[in-house]
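Biologist: I should like to understand how the descriptive terms for a protein model are justified. Could we examine the structure and reason through some of them together?

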Amino acid sequence: MTTDTPISAGDARLETNGRSPHQIKPEGFKPPKATHRTQHVLPGFHASLGITLTYLSLIVLLPLVALVLRPWEAGLDGFIRTVTDVRVVKALQLSFTTAFWAAVVNLFAGLIVAWVLTRYEFPGKKIIDAIVDLPFALPTAVAGVSLSSLYAPNGWVGSLFDPMGIKIAYTPIGIFIALVFIGLPFVVRSVQPVLAEFDAEVEEAALTLGATPMQTAIRVILPSLAPALITGFSLAFARAVGEYGSVIFIAGNMPYISEISPLLIVIKLEEFDYAGAASVAIAMLALSFTILLATNFVQVLLSRRGRA
Amino acid sequence: MKNSDASRRQFLKTVTGAALMTGTVTALSACGKPAAQSLLNVSFDPTREFYAAYNSLFAKKYATGGKPAPTFNQSHGGSGKQARAVVDGLKADVLSLALAHDIDAVAATGLLAADWASRLPNNSVAYNSTILLLVRKGNPKGIKDWGDLVKPGVQVITPNPKTSGAARWNYLVAYGWALRANNGDEAKAQAYLEALFKNVPVLDTGARGATTTFIQRGQGDVLINWESEALMSAAKDGAQFDIVYPSLSIAADTPVAWVDKNAAANGTEALAKAYLEGLYDEDAQTLAAQHFYRPTNADVLKSFADRFPAIEQLNIDKDFGGWTTANARHFEQGALFDQISAKVFKA
């Protein structure tokens with residue numbers, strides 16, 4: 001994500017979260033632009049860039065290159081045959097649409113959670129704040145097992161829906177729920193710091209100038225939150241597309257119906273079909289990359305509009 | 001992707017290996033005694049308890065005559081995943097997997113001799129299991145045999161043959177039964193399998209998951225499962241289900257082999273061989289029976305006759321032409337199971 005050097009007070013907390021949501025800058029304040037000639041607090045430009053490149057190569061680039069090189073063992077038509085196979089197409093569709101809708105739900109729910117946590121004081125707030133991070137910490141398999149026990153036809157929640165003929169676990173709805181679970185913290189943690197830093201005076205000004213609360217929310221607050229919301233959305237989406245551990249327990253894993261693409265990759269590996277597995281992985285990667293690029297673009301547009 | 005398991009295990013092995021080596025060097029320089037050897041047994045999931053018990057039994061036997069007792073490392077996971085970890089560099093001295101096919105896959109890389117199966121008695125199968133049916137207490141749907149699984153309204157739980165070794169055995173015995181019931185008519189046997197998979201509401205990725213789906217989540221009327229898993233669940237959970245022995249099952253042979261190249265590199269060839277040969281001893285056979293695996297020693301099997309009732313069993317080599325053939329016919333991409341999936345689930 002391309003963001004400017006973090007400066008404002010709220011950003012200290014952002015950094016400890018290890019993520020880099022959109023940063024807000026106080027009015028009229030420009031962070032010093034560092035070039036490779038500027039003296040800086042951290043080790044010099046060359047050392048930092050060296051570390052950055054080595055680190056990124058070892059952790060991200062080399063594994064991805066290895067992945068991209070793999071499918072060509074079976075030739076280009078092998079790759080095309082794999083990714084146009086109906087079963088693969090269905091699995092990709094399933095993974096991407098459920099991930100999308102789960103991220104949409106998290107966009108709204110996450111905004112409300114972030115709002116409640118920043119704007120109100122109530123007993124137990126610290127605990128709820130900590131609970132938000134649990135999906136990060138919990139092994140996803142554990143999440144999958146407990147979600148499926150809850151939403152199975154004989155589980156606490158599942159048994160309420162079962163008489164109505166609605167099956168949650170072992171259907172795509174189950175997948176959707178697992179993906180909502182693992183994606184929740186992303187939106188909350190992206191929006192929360194921006195909301196906390198949001199100047200109450202701007203809101204008050206809007207109200208005193210005669211804006212209704214609804215107008216204040218839509219025309220004043222939401223535009224400044226939009227970049228952070230989109231960051232949270234795309235993080236939640238990207239995470240959900242690749243999710244495996246929690247989903248396979250609740251999905252039912254029926255070919256063509258509830259078989260996610262990561263499971264298809266595992267299946268291909270079980271067949272010792274490394275090239276096929278890598279082909280599906282590359283298809284996923286390409287789709288995700290396109291979508292993330294598009295959301296990034298929207299984000300840039302929105303933040304430009306917000307600044308103007 | 002969860003491929004990190006293997007690499008993590010390998011990292012741990014490297015770390016422990018380095019630690020062990022330092023320890024060994026110190027021990028050697030200190031007193032000059034022969035150092036204790038260490039053996040890595042890469043196995044499949046449900047054998048954890050059996051090998052924990054066998055390791056201490058074997059260590060005691062091996063340590064007679066001043067030899068230091070060897071130490072053991074166990075690695076467990078899905079059989080195919082374990083094979084892949086060894087192919088990708090996990091330094092197993094010994095393999096004890098759920099399917100000969102998985103050991104063949106390791107042998108294909110040249111890590112062990114292609115004729116590994118002939119190096120130990122009984123085709124390198126020291127203990128095995130068979131496939132049977134679990135039904136709800138009192139058997140409300142009256143399920144007696146494979147033919148009952150395709151009745152309308154019967155829900156069958158079995159894991160996915162693509163990801164589970166157990167599921168491949170399940171599938172093969174059902175197919176073998178249908179072939180026999182239809183005088184060898186392959187089209188009818190295939191139609192039987194289609195009807196069977198139409199009755200499957202969940203395809204778990206492994207046998208343990210399927211057991212959980214059936215017992216804890218209350219899904220399905222019948223679970224196709226390992227005898228060893230069924231007997232162990234029955235011993236543990238009390239009886240929430242009844243065990244049905246169908247008219248026909250399959251000898252689910254779980255072979256063992258030492259990995260020549262790794263054992264040579266680790267200097268554990270003699271130890272690995274003795275370790276696997278020891279599995280055929282009477283006390284090890286008894287131990288296997290106590291852990292719900294069928295011993296291959298006829299006398300020991302007889303003494304556990306009440307635990308392991310006699311049942312007619314198909315044989316992978318005799319009835320299916322061995323794993324390579326069975327795999328190409330049924331489980332490879334585009335093979336029979338994929339064709340069945342396309343027909344049953346696509347609609």
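**Reasoning from values to terms**

Modeller: Let us begin with Asn123(B), whose relative accessible area is 43%. The model is a predicted one.

Biologist: Why is Asn123(B) called partly exposed?

Modeller: Buried means under 20% and exposed means over 50%. The value of 43% lies in between, and therefore Asn123(B) is partly exposed. This residue lies in helix H5 (residues 121–124) of chain B.

Biologist: What makes the phi of Asn123(B) worth noting?

Modeller: Most residues other than glycine have a negative phi. Asn123(B) is not a glycine, yet its phi is positive, about 60°. Ser124(B), also not a glycine, has a positive phi of about 65°.

Biologist: Ser124(B) is found in helix H5 of chain B. How do you know whether Ser124(B) is buried or exposed?

Modeller: Its relative accessible area is 0%. Buried means under 20%, so Ser124(B) is buried.

Biologist: In chain A, why is H7(A) called oblique to H9(A)?

Modeller: Helix H7 (residues 140–151) and helix H9 (residues 172–197) of chain A pack at an angle of about 135°, with their axes 10 Å apart. Angles over 145 degrees count as roughly antiparallel and 65 to 115 as roughly perpendicular. The angle fits neither class, nor is it under 35 degrees, so H7(A) is oblique to H9(A). Their crossing is right-handed.

Biologist: What makes Leu64(A) count as partly exposed?

Modeller: Its relative accessibility is 33%, which is between 20% and 50%, so Leu64(A) counts as partly exposed. Leu64(A) lies in helix H2 of chain A and is one of the residues making a nonpolar surface patch of about 860 Å².

Methods
Residues are numbered from 1 along each chain as its sequence is written. Chains are lettered from A and ligands numbered from 1 in the order in which they are written. This is a predicted model: local features need pLDDT of at least 70, side-chain atom pairs count only at pLDDT 80 or more; totals for chains, interfaces and linings use all residues. Side-chain values use heavy atoms; hydrogens and water are left out. Patches are made of residues with over 30% relative accessible area and no salt bridge: like charges are joined within 9 Å, nonpolar side chains (Val, Leu, Ile, Met, Phe, Trp, Tyr) within 5 Å. Accessible areas come from the Shrake-Rupley method with a 1.4 Å probe; for residues, only the protein chains shown count as cover. A salt bridge is a side-chain nitrogen of Lys or Arg within 4 Å of a carboxyl oxygen of Asp or Glu. Helices (H or I, at least four residues) and strands (E, at least two) are DSSP runs, numbered from the N terminus. Buried means under 20% relative accessible area, exposed over 50%, partly exposed in between (1.4 Å probe, protein chains only). Axes are lines fitted to C-alpha atoms, for helices over the stretch in contact, and angles run from 0 to 180 degrees between N-to-C directions. A crossing is left-handed if the near helix is turned anticlockwise from the far one by less than a right angle, and right-handed if clockwise.
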